[in-house]
Amino acid sequence: MGPFAYIGMIILIALVLILIVSNIQVVQQSRAYVIERLGAYSATWGVGLHLKIPFIERVVKKVSLKEQVADFDPQPVITKDNVTMQIDTVIYFQITDPKLYTYGVEHPMNAIENLTATTLRNIIGDMELDQSLTSRDIINAKMRSILDEATDPWGIKVNRVELKNILPPREIQNAMEKQMKAERERRESILQAEGTKQSQILVAEGEKQSAVLRAEAEREAAILRAEAERQAAILKAEGEAEAIRKVQQALADSIKLLNDANPNDQVVKIKALEAYEKAADGQATKIIIPSEIQSLAGLAASFKGLLEDEKK
């Protein structure tokens with residue numbers, strides 16, 4: 001074998017190795033390769049090492065199986081009450097069948113965008129402006145259901161649809177801002193009125209409580225004064241009773257002493273005369289003296305006159 005033949009063999013072997021190596025395909029995680037053999041669908045390669053037959057098989061499409069996000073430009077839509085708005089949507093989708101995604105529709109993303117725009121126009125066309133502005137969740141749910149069903153033949157699963165922005169015309173925005181401002185002012189007025197009302201209620205309640213407390217205090221003071229007067233009256237009555245008792249006791253003691261002294265009739269008559277003398281000093285204008293002590297009274301008067309003459 002000549003040197004040229006040896007070199008040619010080496011080159012041939014190198015070309016074969018390069019061809020084999022170039023046809024070794026490694027499919028990464030969350031990806032899939034769609035393979036055609038002689039122009040017809042052959043297989044879908046998943047994760048791992050694969051060997052492609054040179055010149056017979058080819059990779060038609062490399063598909064990502066991750067969830068993807070498509071943010072579409074704002075679309076003009078007209079509400080039921082003839083208001084034109086600009087709405088842009090965001091779609092979260094995932095390719096579930098690489099074969100259908102490859103052969104189901106030409107330019108799948110353009111198809112999804114156009115389908116989203118027409119679906120949005122149909123849904124918003126059945127709503128008035130105020131309803132469309134406050135029904136985002138309803139619109140999102142309807143669009144997701146319609147798009148998911150429509151994209152099944154394309155191997156696409158629509159997981160979620162969100163209305164990113166809803167932009168009404170400038171004059172509508174100005175009117176809405178004025179309405180919101182008026183609503184805020186109304187709420188502020190209501191809050192101020194409620195605050196004033198609560199303040200007045202609290203003041204009235206405080207005055208009521210104060211009046212009740214004053215009345216309670218006056219009642220307690222009246223009770224204390226009445227109790228003090230009653231105690232004073234009791235003490236006064238007890239004092240008078242004690243004074244009477246002492247007078248009576250003194251009288252009883254004097255009578256007892258007289259009885260113990262065994263006085264004669266003359267002494268008794270003199271004591272009676274003294275008693276009538278005291279009675280005469282009072283307010284009585286007429287006193288009747290018994291006959292048995294009249295002679296004694298005359299004797300006493302004579303004796304008193306003699307004493308006065310001696311003093312002179």
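How much area does the protein chain expose, and what share of it do carbon and sulfur atoms supply? The protein chain exposes about 22,400 Å², and 58% of that comes from carbon and sulfur atoms (accessible areas come from the Shrake-Rupley method with a 1.4 Å probe; for residues, only the protein chains shown count as cover).

This is a predicted model, in which local features need pLDDT of at least 70 and side-chain atom pairs count only at pLDDT 80 or more, while totals for chains, interfaces and linings use all residues. Residues are numbered from 1 along each chain as its sequence is written, and side-chain values use heavy atoms, with hydrogens and water left out.

Let us start with the overall build. The protein chain has eight helices and nine strands (DSSP runs numbered from the N terminus: helices are H or I, at least four residues, and strands are E, at least two). Of its 312 residues, 19% count as buried (under 20% relative accessible area; exposed is over 50%, and partly exposed lies in between, with a 1.4 Å probe and protein chains only).

Now step inside to threonine 151, which lies in helix H5 (residues 136–151). Threonine 151 is buried, with a relative accessible area of 1%. Leaving aside neighbours within four places in sequence, threonine 151 is in contact with Ile112, Leu115, Ile156 and Val158 (contact means heavy atoms within 4.5 Å).

Elsewhere, the charged end of arginine 160 sits over the ring of tyrosine 92, 4.5 Å from its centre (the rule asks for NZ of Lys or CZ of Arg within 6 Å of the ring centre and within 35 degrees of the ring normal).
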